[in-house]
Every structure is written in C-alpha cells, then in structure tokens.
Amino acid sequence: MRKYLIAANWKMNSAPEGAFDPESPYQTHADVDVVVFPTYLDLRDCIEAKILSGPQYGHVEEHGAHTGDVSLKMCKDLGCLYALCGHSDRRGEHGETSEQVAAQVIAALECELHPIVCLGETLKEKKAGKTEDVIKAMMAPLPLESDLTIAYEPVWAISRGDPNTPAATPEDAQQMHALIRSMLPDDRKEQTRILYGGSMKLENAEALLGQIDIDGGLIGGASLKPDQFALIIEAASKLST
Ligand code: PEP
C-alpha cells in the first residue's frame, strides 16, 4: 500500500500562527507523510522547525543572472527535500509550459529534491471534452520513469480563496487518477503516488482519500487552518490502518 502524502501549499501567504511549534500538524507523522510548500521567506523557519518542505517553484539553473528567482539547488542546499513543479498558478500566471515544467522536474531530481508535479484541466478544457488530451500532453514530457509524485489538480476545483468552490467528486477524481496511473510506465504504476488537489477540506477529505488511486492531497486553503489540516491528516491516518 502507498503511504499517504498530505502536502500544504501556502501559496503567497505567511505561515499560519503556531506553524513552527513542535506540536504543530505540519510536523511529520508516523503513518502519513506531511510536506509544506511555504513562500521562500518561511522556508528556513520550516526547515529549522524540522518540517519537511520545499519551494513552490525553483529555477532550473543553479545560480546566475535571473533577477527575482531562487534556484532549486539553493533550496536543496538550505535543507529542502521536495519541490512543487507546474502548479496551475505558475502555468497560468507565469506562462510555464509543460516542457518547462518537465525541465524543473528533471532539475529537481538532479539535485535530489523529490518533485511533486501538478497537472489538470481548466474549466474551458473540461467543457470542451479535452480533459484526457490535456492530461496526456502535460504528462508527455515528464520523466515518468523517475521517482516523482503527481498531483492531479483540476483547475476549476481550486478554491482560490472561495470556500464554496466545488471539489471534484470522489468518483470523478478516482476516474482521473486511474487514467493518470494507466499512463505511467509499468514498473512505476504501483509505487507512484498521485495526490488530489482542488478544494480538499475536512468535509470531503475522507471520501476523496478513500479512493483506491488517491494517495494523498495537495491542499491550499485548508492547509492554512492548522486545525482543519490536522483533521485531514487524521483522516488519512485512519484510512492507513
Ligand atoms: C492548490 O492551489 O494547490 C489548491 C489545491 O488549493 P485549494 O485547496 O485551496 O483548492
């Protein structure tokens, strides 16, 4: 059985109060892997608090004339273990292409960061019946034979601060996860974790995480509420036993 991985994407928000306390839910748990993606400003505090963490984006080159950027290698040297790649905010707001996302995944692997690579269709693509083609195109340049994690994040389900945004139903999410798993190389199918992201919260976490091909969550809004986040981890923990 794949171990659940619950990842917090704090996006452009400061760390929640108490996040660095030794008893905070962002700390690692025995039966569930917990990872935090804070802003660069909070990365060092996360690492010093022994929270497994990584950048929300990192430049593929180690250093150089890239004003405003921070490299994946610099994050690794700071003590990061993970890297988020290809979040829809980055693809949408910064025009990151699937090829550029794949280059980030490769650069992360090269400096021994574990990549969590995001992919998912927009509402327009879903309505046009293009979901499968979009997912295939996003997966095509990825080094799927490597040790990486995929986060299926339908863009239309991402809350962007609106708690009423509907998540994918557990059944629909499961169908997509099964499809994504079927696209993995045979020897990676069983071990690759596929997380669901998009309005995962206390109310739907158990049903989503209970699906056979859903191995965890990438959580935005609810990850900024330590109490909620703790209960989502608890739900994953119960399902693990
Ligand atoms: C995200 O942006 O990765 C995300 C899943 O956000 P939320 O949980 O708020 O929908």
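Which pocket does the ligand take up? The ligand fills the space of the second largest pocket. A pocket here is an open set of points on a 1 Å grid over the protein atoms alone, with protein on both sides within 12 Å along at least five of seven lines, and a molecule sits in a pocket if more than half of its atoms lie within 2 Å of its grid points. The model is predicted, so that local features need pLDDT of at least 70 and side-chain atom pairs count only at pLDDT 80 or more, while totals for chains, interfaces and linings use all residues. Residues are numbered from 1 along each chain as its sequence is written, and side-chain values use heavy atoms, with hydrogens and water left out.

The surroundings of the ligand come next. Its shell holds 14 residues, of which Lys-11, His-87, Ser-159, Ser-199 and Gly-221 come nearest; a residue is near if one of its heavy atoms lies within 4 Å of the molecule. By character, the shell divides into 4 nonpolar, 8 polar and 2 charged residues. In this scheme Ala, Val, Leu, Ile, Met, Phe, Trp, Tyr, Cys and Pro are nonpolar, Asp, Glu, Lys and Arg are charged, and the others, Gly among them, are polar.

Backbone atoms take part in polar contacts, meaning pairs of N or O atoms within 3.5 Å. A backbone N or O atom of Ser-199 lies 2.8 Å from a ligand oxygen atom. For Gly-220, a polar backbone atom is 2.8 Å from an oxygen atom of the ligand, and a backbone N or O atom of Gly-221 is likewise 2.8 Å from a ligand oxygen. The protein covers 99% of the 290 Å² of accessible area that the ligand has on its own, with areas from the Shrake-Rupley method and a 1.4 Å probe.

Ser-199 deserves a second look. This residue is found in the loop between strand S6 (194-197) and helix H8 (202-209), where helices (H or I, at least four residues) and strands (E, at least two) are DSSP runs numbered from the N terminus. Ser-199 counts as buried at 11% relative accessibility; buried means under 20%, exposed over 50%, and partly exposed in between, with a 1.4 Å probe and protein chains only. Its phi is near 60°, a positive value in a residue other than glycine. Most residues other than glycine have a negative phi.

Arg-160 also has a positive phi, near 45°. This arginine lies in the loop between strand S5 (149-152) and helix H7 (170-182), and counts as exposed at 57% relative accessibility.

Methods
A polar contact is a pair of N or O atoms within 3.5 Å; within protein, one must be able to donate a hydrogen and the other to accept it, and residues adjacent in sequence count only if both atoms are side-chain atoms. On a 1 Å grid over the protein atoms alone, a cavity is a set of points where a 1.4 Å probe fits but cannot get out, and a pocket is an open set with protein on both sides within 12 Å along at least five of seven lines; lining residues have an atom within 4 Å of a point.
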